[in-house]
Amino acid sequence: TRSLTITSGDQSMFEKAQGEKVTLPCTFELSEEDEGPLDIEWVLIPADNQKRELIIIMYSVDRVYDQYYAATTRRMQFTNLDPKSGDGSLDILNLKAADTGTYQCKVKKAPGVQSKKIQLTVLVKPARTKCSIEGSQEIGKDVTLKCVSQEGSPLLSYDWRRVSGAQNLPATSVLNKNTGELLLKNASREYSGRYSCLASNRVGTDECSVELNVTPPVNTAAVITGAIIGTVLGLSVLCSVIFCFCKKHREKKYEKEVHHDIREDVPPPKSRSSTARSYIGSNRSSLGSMSPSNMEAYTKTPYSQVPSEDFERAPAQNPAFAPSKVAAPNLSRMGAVPVMIPAQSKDGSIV
């Protein structure tokens, strides 16, 4: 019995780059015996058999249903706006790496049923390729140039070339195309120059470059000596700063203590001394003019203020009065108030 058949070619595998567009073919022919409604369905078969198939898009009863798989919304559509004409091919726009998988086209028109599977692989071009240098760039040392792409589907291949000076790689170089490492053994000054790495896969390429500068070995002893001298000088400067700071702090502290110290050996002001002498002289002069009649009043006169410092007795103005031979005590130190009592001699005169 004759029934519908899928007439698209035998190609069942497609490889495309990310961001591109692909058309998965699914053309068919109907027979006179196929009288039921026409259904065209595209499903994604997961790599894990434990997961169920995902319906991507479907045509049924003259209507298109494309809201089944959110990740493919507005990116997957029928190639022909009228699939019942015999073309149920699928267009996938702006391909992503997640679109990789097995797609199956199912065509149903009772009693005929046919299907076809197509394998789609979305490859990512190499991108964000970075070049670097590993090892000491000194004469006689081994240097490794590294090249790695941050993005890109396997299998990636790396190839190094020299873009300055001699175009050929050094004779001692060893290239690993799978890892992107270029080993330069026993480097010499002639190895200096710019090197370029080309990363590639089946859908694209990406490139980076690096500058190699081979120099004479560094004098390690001189570097160590310089570091030691620099450290000693730095410590010396630091100690000097600390010493100066401490000295200045002690001087300020000493000045502050001296400012607040009370000196007991400082003589009193001259104004007090002159006042005391004038006071005592006036009292002595008053004694010379005393008479028996006013002696009693004099003895009652209080001395409320007497200077507290020692002084010498002034010479008497009256030659008739002789100074007393008894030394008067230092009343100012004893805290007593001096009082002078007159005496009467044999001839009636006051002494």
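# Salt bridges, cores and backbone turns in a predicted model

Student: How many salt bridges are there in this structure?
Tutor: This is a predicted model. A pair counts when a side-chain nitrogen of Lys or Arg is within 4 Å of a carboxyl oxygen of Asp or Glu. By this rule, the count of salt bridges is nine.

Student: Which residue does Lys84 meet in a salt bridge, and how far apart are the two in sequence?
Tutor: The partner of Lys84 is Asp62, at 3.8 Å from N to O. Lys84 sits in the loop between β8 and β9, and Asp62 in the loop between β6 and β7 (63–65), so their bridge ties together parts of the chain. The separation of Lys84 and Asp62 in sequence is 22 residues.

Student: Is Asp62 buried or exposed?
Tutor: Exposed means over 50% relative accessible area. Asp62 has 57%, so the label is exposed.

Student: And Lys84, what does its accessibility make it?
Tutor: Lys84 has a relative accessibility of 43%. Buried would need under 20%, and exposed over 50%. Lys84 therefore counts as partly exposed.

Student: Where does Arg75 find its salt-bridge partner Asp99?
Tutor: The two side chains meet at 2.9 Å, N to O. Arg75 is in the loop between β7 and β8, 24 residues from its partner. Asp99 lies in the loop between β9 and β10.

Student: Is Asp99 buried or exposed?
Tutor: Buried means under 20% relative accessible area. Arg75, at 11%, counts as buried. Asp99 has 5%, so Asp99 is buried.

Student: Which residues are linked with Lys146 in a network of salt bridges?
Tutor: Start with one pair: Lys146 and Glu181 meet at 3.9 Å, N to O. Lys146 is in strand β13 and Glu181 in strand β16, 35 residues apart. The residues linked with Lys146 in the network are Glu134 and Glu181.

Student: Which residues touch the most other members of the largest nonpolar core?
Tutor: That core has 24 residues. Strands that each supply at least two of them include β3 (22–24), β5 (39–45), β10 and β11. The residues touching the most other members are Leu24, Trp42, Ile92, Tyr103 and Leu120.

Student: How many residues does the other core have?
Tutor: This core lies apart from the largest one. Among its members are Cys147, Leu156, Leu182 and Leu212. Its residue count is 18.

Student: Which residues make the nonpolar surface patch?
Tutor: In soluble globular proteins, nonpolar side chains tend to be buried together. Here a nonpolar patch of about 270 Å² is on the surface. One of its residues, Ile224, is in helix α1 (residues 220–260). Ile224 counts as partly exposed, at 46% relative accessibility. The patch is made by Ile224, Ile228 and Val232.

Student: What is omega for the cis peptide bond from Ala110 to Pro111?
Tutor: Pro111 is in the loop between β10 (101–109) and β11 (112–123). Its bond from Ala110 is cis, with omega near 5°.

Student: Where is Leu155, which follows a cis peptide bond from Pro154?
Tutor: The bond from Pro154 to Leu155 has omega near 0°. Leu155 is found in the loop between β13 (143–151) and β14 (157–162).

Student: What is phi of Asn186?
Tutor: Asn186 is in the loop between β16 (181–184) and β17 (193–201). Asn186 is a residue other than glycine, yet its phi is positive, near 50°.

Methods. Residues numbered from 1 in each chain as written. Predicted model: local features only at pLDDT ≥ 70, side-chain atom pairs only at ≥ 80, totals over all residues. Heavy atoms only, no water. Patch = residues over 30% accessible without salt bridge, like charges linked within 9 Å, V, L, I, M, F, W, Y side chains within 5 Å. Areas by Shrake-Rupley, 256 points an atom, 1.4 Å probe, with all protein chains shown as cover. Helix = DSSP H or I, 4+ residues; strand = E, 2+ residues; numbered from the N terminus. Buried < 20%, exposed > 50% of the residue type's maximum accessible area, 1.4 Å probe, protein only. Core = buried A, V, L, I, M, F, W, Y, C linked by side-chain atoms within 4.5 Å.
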